[in-house]
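I opened the notebook to keep track of what I looked up, one topic at a time. My plan was to begin with the whole chain and then go down to single pairs of side chains.

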Amino acid sequence: MTIWGWVQVLFYFLLLLAITKPVGLYMTRVFSDERTPLSPVLVPVERVIYRVIGTSPEKEQGWVGYAFSVLLFSVVGLLLLYAQQRIQGGLPLNPQRLSGVKPDLAFNTAVSFTTNTNWQSYAGETTMSYLTQMWGLAFHNFTSAAAGIAIALAVIRGFTRHRASALGNFWVDITRASLYLLLPVCIVMALIFVWQGVPQNLNDYTEATTLQGAHQTIAQGPVASQEVIKEFGTNGGGFFNANSSHPFENPTPLTNLLEMLLILSIGAGLTYTFGKMSGNTRQGWTLFAVMSIIFLVGVGITYWAEARPNPALSGLHINQALGNLEGKETRFGAAASSLFAIVTTAASCGAVNSMHDSFSALGGMMPIIFIDLGEIIFGGVGSGLYGILIFALLAVFIAGLMVGRTPEYLGKKIESFEMKMVALAILIVPASVLTFTALASVTHAGLAGLNNAGPHGFSEMLYAFSSATGNNGSAFAGLSANSNFYNTTLGLAMLFARFLILIPALALAGALVRKQAVAPGLGTFPTTGAVWVVLLIGVILIVGVLTFFPALALGPIVEHFAGNAGQLF
């Protein structure tokens, strides 16, 4: 580790802290129907959209109607994307004349982009046409992100409104998220990325001859426009197979920094939005503090692990002064690669600027842990906030048991129905990850995809189903996942996690929105301050880490000790 590596980490975190309040305040104004600098231009557009789809901000929905709208929108989008991939070969904007996508891969990809996962069992530049990339995948990058933000706002209203019956209007929320937030930022940032060297064109691939006389095809296309939304919407799907380690997706240190800021900006900003809409910004800053502490600890462990020489290579006289550089771009190094790995797995983004499969055992374990915590450390756009609020209710329930009072959060009593929904939402992640990983580890179809044996091979399977369940999309990439078995099981894991968590989250919000907040009393456990921060962190780690400890012990932990003894896998 070097002082300059830590300076990079600190500089990034200070920038994230600086933009949290402005982003959160802007989202508060947008979703509270207050005037913004873009209102004169976008309000007329917004009204036209509402007339076309037959709704208005005054037509609010209860939690059942809101959930039904989310599901309907997602199912229709999934079917359309599946169909487009299957007939891709007969559609325009296909200069490489790529054929239609096979059924199991088309299913996996349609589910992946609809659920904001963007897991890719294919190489984008050799599988998807320009039209599919732009009209299919990039479209879902916007809409799946907007849907996540909309759900988060519905949950916030459930926590902050009193004696109401509605959580807002999904169609209004998704429209505002797209018009006022995602599109403006992406237009500006795409131009900055083009300035930095990211391609944005519809040209044929370039055929080149190298100095050694070899033939090379240089892929290009409308990259910049998709690159921005994949980060800002925490989607993660790369235009190229190499994702953000590809120089066309991430050409400079500036683009690397901007991509990391884009990934966490909405997740961090929503904590301030929550505090602002609750009438107590300390509530939001407390959640931000919890997320930040766990985030910085994760970065520290990963950087420490990746900056150390690999003990298994110590006898081979290999210069490891700069740490473990296998699978990393030398223009980023161990520090920026470690930071990016935690940023992308904290945020359920999935974009990568290095090969996680090449990380050390403990360095690779930390991204797995961050996904398996439930993607609540800043998390995906929207899902991170309602995920950590679910853990907050569990923590106040435990605190209530300690002091012998009915637990309360924001003055609302947490009763049996709310705790049932909390338990259901928290159990989805381990049930999906552990069940599918166990299935893969004992079946021929699952084991056939491994490129490594022993604990590292197990880690590849564990990471894959953690990533799918967490709607992350990154991979160890040592796993050959483009098979009927993995395309199907990973697709099911994505569907289960996205919708089996958001439904209890909205049901929870629907129950809370009907309640009247009561004034805090002497026995009320405060949900701001250091004690609450420690309690919430403790609950997150106990539930998250200990649930997955046996699986981690079979994978990265035993691999670490084996590596120290000189054994490689």
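The entries below follow that order.

**Entry 1: the whole chain.** I noted before anything else that this is a predicted model. I counted 18 helices and four strands in the chain. I then looked up the radius of gyration, which is 23 Å and lies close to the 25 Å that the globule rule gives for 569 residues, so the chain is as compact as a globular protein of that length. Taken along the principal axes, the box filled by the C-alpha atoms is roughly 75 × 55 × 45 Å. I also wrote down that buried residues make up 59% of the 569 residues. Among the contacts with a separation of 6 or more, 78% are between residues 24 or more positions apart.

**Entry 2: the strands β1 and β2.** I turned to strand β1 (residues 206-209) and strand β2 (residues 215-218), which run antiparallel and are joined by four bridges. One residue I followed across was A208, whose bridge partner in β2 is Q216. The hairpin has five residues between the strands, and G213 takes a positive phi near 90° there.

**Entry 3: aromatic rings.** I found a count of 23 aromatic pairs. The pair I chose to follow is Y12 and F295, which is tilted, with 6.5 Å from centre to centre and 45° between the planes. Y12 lies in helix α1 (residues 3-31) and F295 in helix α10 (residues 281-307), so this pair ties together parts that are 283 residues apart in sequence. I checked the accessibility of Y12 and F295 as well, and both are buried. Ring pairs link these two with F13, Y272, W285, F288 and F378 into a cluster. In a separate place I looked at K328, whose charged end sits over the ring of F359, 4.3 Å from its centre.

**Entry 4: salt bridges.** How many salt bridges does the structure hold? I found 13 of them, and I followed some of these in turn.

E46 forms a salt bridge with R176, in which the closest N and O atoms are 2.6 Å apart. Because E46 belongs to helix α2 (residues 39-53) and R176 to helix α7 (residues 170-196), the pair ties together parts that are 130 residues apart in sequence. E46 is buried, at a relative accessible area of 5%, and R176 is buried too, at 6%.

Next I looked at E60 and R161, which form a salt bridge with their closest N and O atoms 2.8 Å apart. This pair links distant parts of the chain, with E60 in the loop between α2 and α3 and R161 in the loop between α6 and α7, 101 residues apart. Are these two residues buried or partly exposed? I found that E60 counts as partly exposed at 38% relative accessibility, and that R161 is partly exposed with a relative accessible area of 24%.

The last pair I looked up was E249 and K230, whose side chains meet in a salt bridge at 2.5 Å, N to O. Here E249 is in the loop between α8 and α9 while K230 is in helix α8, 19 residues apart. E249 counts as buried at 0% relative accessibility, and K230 likewise counts as buried at 0%. I closed the entry with the network of salt bridges that links E227, K230, E231 and E249.

Key
Residues numbered from 1 in each chain as written. Predicted model: local features only at pLDDT ≥ 70, side-chain atom pairs only at ≥ 80, totals over all residues. Heavy atoms only, no water. Phe/Tyr/Trp six-rings, centres within 6.5 Å; stacked < 30°, edge-to-face > 60°. Helix = DSSP H or I, 4+ residues; strand = E, 2+ residues; numbered from the N terminus. Buried < 20%, exposed > 50% of the residue type's maximum accessible area, 1.4 Å probe, protein only. Lys NZ or Arg CZ within 6 Å of the ring centre and 35° of its normal. Salt bridge = Lys/Arg side-chain N within 4 Å of Asp/Glu carboxyl O. Pairing = 2+ DSSP bridges. Rg over C-alpha atoms; globule rule 2.2 N^0.38 Å. Contact = heavy atoms within 4.5 Å.
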